[in-house]
Amino acid sequence: MTAAAGTGTDLLRLFSYFTVQSNLLVLAVSATLALRPDRDGAGWRVLRLDALLGIAITGVVYTTLLAPGVRLDGADRWVNAVEHHAAPVAALAGWVLFGPRPRLERRTLLLAFAWPLAWVAWTFAHGAATGWYPYPFLDAASAGYAAALLGTGAVLVAGIVLALVLRVLDTRLPRAPGR
């Protein structure tokens with residue numbers, strides 16, 4: 001717990017990180033697939049795509065924007081490697097190898113952007129109210145709103161491109177065995 005913040009604030013900030021949310025979403029979706037591989041439904045398809053997009057964006061943004069300024073050691077280094085490197089690779093590899101496919105219709109792609117857009121809105125509103133931003137490139141107080149929104153827009157465009165690539169792969173990769 002930080003000296004300036006209490007436990008509630010610390011927990012709120014922890015769960016305000018896109019990295020934490022995307023890793024938890026991957027864990028939840030993967031667990032449901034492990035228990036019931038035939039899982040399907042419109043809402044579940046959106047959650048599955050959110051998990052894939054969120055964790056892929058987590059890995060790319062961390063590697064390109066955040067990692068150069070991060071120096072970790074001990075347990076933090078291992079946790080960081082799992083959250084930002086192993087989880088994105090494992091989640092995408094699992095989807096490529098096991099699917100389930102096909103599951104990515106146009107409506108699924110559109111609905112999958114509700115969570116990231118809500119996260120962006122929360123991040124800027126919370127940051128404006130408290131002065132705390134989870135990532136330096138989103139810190140509108142330091143970088144200015146134009147730069148923060150430009151960075152956010154670039155990540156959103158990358159997410160859209162990734163979603164379109166996943167949709168194409170969804171139609172071209174074979175169904176998983178037994179499906």
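**The largest cavity**

Exercise: Identify the helices that each supply at least two residues of the lining of the largest cavity, then describe this cavity by its volume, its lining residues and their classes.

Solution:
- Four helices qualify: helix 2 (18-35), helix 3 (42-66), helix 6 (114-130) and helix 8 (145-172). Helices (H or I, at least four residues) and strands (E, at least two) are DSSP runs, numbered from the N terminus.
- The model is predicted: local features need pLDDT of at least 70 and side-chain atom pairs pLDDT 80 or more, while totals for chains, interfaces and linings use all residues. Numbering starts from 1 along each chain as its sequence is written, and side-chain values use heavy atoms, with hydrogens and water left out.
- On a 1 Å grid over the protein atoms alone, a cavity is a set of points where a 1.4 Å probe fits but cannot get out; a pocket is an open set with protein on both sides within 12 Å along at least five of seven lines; lining residues have an atom within 4 Å of a point.
- With that rule, two cavities of 30 Å³ or more are counted.
- The volume of the largest cavity is about 340 Å³ (the space filled by probe spheres set on the points, which are joined across faces, edges and corners).
- Its lining has 25 residues, and Phe 18, Ile 57, Pro 116, Trp 119 and Val 155 lie nearest the centre.
- Helix 3 contributes the most to this lining, eight residues.
- The classes are 18 nonpolar, six polar and one charged (Ala, Val, Leu, Ile, Met, Phe, Trp, Tyr, Cys and Pro are nonpolar, Asp, Glu, Lys and Arg charged, and the others, Gly among them, polar).

**The second largest cavity**

Exercise: Which residues line the second largest cavity, and which helices each supply at least two of them?

Solution:
- The volume here is about 40 Å³.
- The lining consists of Val 26, Val 29, Ser 30, Arg 48, Ala 51, Leu 52 and Ala 91.
- Helix 2 and helix 3 each provide at least two of these residues.
- Sorted by class, the lining has five nonpolar residues, one polar and one charged.

**The two pockets**

Exercise: Give the volume of the largest pocket and of the second largest pocket, and state which helix gives the most to the lining of the second.

Solution:
- The largest pocket has a volume of about 430 Å³.
- Of its 16 lining residues, Tyr 17, Glu 83, His 84, Pro 134 and Tyr 135 lie nearest the centre.
- Helix 1 (7-14), helix 2, helix 3 and helix 4 (75-98) are the elements giving two or more residues to this lining.
- The class count for the largest pocket is ten nonpolar, three polar and three charged.
- The second largest pocket has a volume of about 200 Å³.
- Fifteen residues would be a long list; the closest to its centre are Ser 30, Leu 33, Arg 48, Gly 94 and Trp 95.
- Helix 2 and helix 4 each supply at least two lining residues, and helix 4 gives the most, with six.
- Its classes are ten nonpolar, three polar and two charged.
- Ser 30 and Arg 48 also line the second largest cavity.

**Helix 3 against helix 4**

Exercise: How are helix 3 and helix 4 oriented to each other, and which residues make the contact?

Solution:
- The two axes come within 9 Å and cross at roughly 135 degrees (axes are lines fitted to C-alpha atoms, for helices over the stretch in contact; angles run from 0 to 180 degrees between N-to-C directions).
- The pair is therefore oblique (under 35 degrees is roughly parallel, over 145 roughly antiparallel, 65 to 115 roughly perpendicular, the rest oblique).
- In the contact (heavy atoms within 4.5 Å), helix 3 places Arg 48, Leu 52, Ile 55, Ala 56, Thr 58, Gly 59, Tyr 62 and Thr 63.
- Helix 4 places Asn 80, Glu 83, His 84, His 85, Ala 87, Pro 88, Ala 91, Leu 92, Gly 94 and Trp 95.
- By class the contact has nine nonpolar, seven polar and two charged residues.
- Arg 48, Leu 52 and Ala 91 recur from the lining of the second largest cavity, and Glu 83 and His 84 from the largest pocket.

**Helix 6 against helix 8**

Exercise: Find the angle and the axis distance for helix 6 and helix 8, then classify the pair.

Solution:
- The angle is about 165 degrees, and the axes are 12 Å apart.
- Helix 6 is therefore roughly antiparallel to helix 8.
- Leu 117, Val 120, Phe 124 and Ala 128 of helix 6 meet Tyr 145, Ala 148, Leu 149, Thr 152 and Leu 156 of helix 8.
- This contact has eight nonpolar residues, one polar and no charged ones.

**Cis peptide bonds**

Exercise: Where is Pro 100 found, and where is Pro 102 found?

Solution:
- The bond from Gly 99 to Pro 100 is cis, with omega near 5 degrees.
- The bond from Arg 101 to Pro 102 is cis, with omega near -15 degrees.
- Pro 100 is in the loop between helix 4 and helix 5 (106-112), and Pro 102 is in the loop between helix 4 and helix 5 as well.
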